[in-house]
Amino acid sequence: LNGKKFDIILADPPYSNEESKKLYNTGKLNYKKWTKECDICLRNGGIFIIYHKFVVPNPNPDNFELIKRVFIGNRVWHLPRIAIFYRKK
């Protein structure tokens, strides 16, 4: 990305290693690795949204503050999802 910084990053990672393999033919998920890459690409004051089926931990409390958690449940027999909003300090 040649040093380009973004105002908002919305991450919707696979929910498991099995889904990662099945959907994208990639290896095990590495939460710290991909969140660090997002941190590098996000400008200070930018918004980082993680969309997941679990409440995941703050990727780096020194760099991110939690803004809001939004629970999304829109269908019967469908697991609810959560969008976790962080602001980069």
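# Group meeting: salt bridges and one helix in a predicted model

Okay, salt bridges to start: searching the whole structure turns up three of them. Bear in mind as I go through them that this is a predicted model.

Let me take the pairs one at a time. Arg43 and Asp7 bring their side chains together in a salt bridge, at 2.4 Å from N to O. In sequence these two are 36 residues apart, with Arg43 in strand 2, which covers residues 42-52, and Asp7 in strand 1, residues 6-11. So that's a link between distant parts of the chain. How covered up are they? Arg43 comes out as partly exposed, at a relative accessible area of 36%. Asp7 is partly exposed as well, at 47%.

Next pair: Lys88 and Asp39, whose side chains meet in a salt bridge at 2.8 Å, again N to O. Lys88 sits in strand 4, residues 81-88, and Asp39 is in helix 2, residues 31-41, so this pair ties together parts that are 49 residues apart in sequence. Now, are these two buried or exposed? Lys88 has 10% relative accessibility, so it counts as buried, because the cut-off for that is under 20%. Asp39 counts as buried too, at 11%. So here we have a charged pair with both partners buried.

And the third one is Arg87 with Glu65, where the closest N and O atoms are 3.6 Å apart. Arg87 is in strand 4 and Glu65 in strand 3, which is residues 64-72, and the two are 22 residues apart, so once more distant parts of the chain get linked. On accessibility, Arg87 is partly exposed at 34%. Glu65 is partly exposed too, at 35%.

Right, let me step back to the whole chain. It has two helices and four strands, and if you read along the sequence the pattern goes β-α-α-β-β-β. The C-alpha trace spans about 40 × 30 × 20 Å along its principal axes. There are 89 residues, and 29% of them are buried. Take the contacts between residues at least 6 apart in sequence: 62% of those join residues at least 24 apart. For the surface people, the chain exposes about 6500 Å², and carbon and sulfur atoms supply 55% of that. As for charge, I count 17 positive and 8 negative side chains, and the centres of those two sets lie 2 Å apart.

Now back to helix 2, where we already met Asp39. Which residues in helix 2 are buried? They are Thr35, Cys38, Asp39 and Cys41. If you look down the helix axis, those buried residues fall within an arc of 170°, so they line one face of the helix. The general background is that an α-helix has 3.6 residues a turn, so residues three or four places apart point the same way. What does the buried side of helix 2 pack against? Strand 1, strand 2, strand 3 and strand 4. Flip to the face turned away from the buried side, and you find the exposed residues Lys32, Lys33 and Lys36.

Two more residues before I stop, both of them out in the strands. Asn44 lies in strand 2, and at 55% relative accessibility it counts as exposed. Its C-alpha is 8.3 Å from that of Asp7, though the two are 37 residues apart along the chain. If you leave aside neighbours within four places in sequence, Asn44 is in contact with Lys88 and Lys89. Lys88, remember, is the one that pairs with Asp39.

Then there's Leu10, in strand 1. Buried or exposed? Leu10 is exposed, with a relative accessible area of 59%. From Leu10 to Ile47 the distance is 8.4 Å, C-alpha to C-alpha, with their positions 37 residues apart in sequence. Setting aside neighbours within four places, Leu10 is in contact with Ile49 and Tyr51.

If you'd like one thing to click on in the viewer, go to Lys88: it is buried, it makes the salt bridge with Asp39, and it is in contact with Asn44. That's it from me.

How values were computed:
Residues numbered from 1 in each chain as written. Predicted model: local features only at pLDDT ≥ 70, side-chain atom pairs only at ≥ 80, totals over all residues. Heavy atoms only, no water. Buried < 20%, exposed > 50% of the residue type's maximum accessible area, 1.4 Å probe, protein only. Contact = heavy atoms within 4.5 Å. Areas by Shrake-Rupley, 256 points an atom, 1.4 Å probe, with all protein chains shown as cover. Lys, Arg positive; Asp, Glu negative; His and termini not counted. Charge placed at Lys NZ, Arg CZ, Asp CG, Glu CD. Salt bridge = Lys/Arg side-chain N within 4 Å of Asp/Glu carboxyl O. Arc of directions from axis to C-beta.
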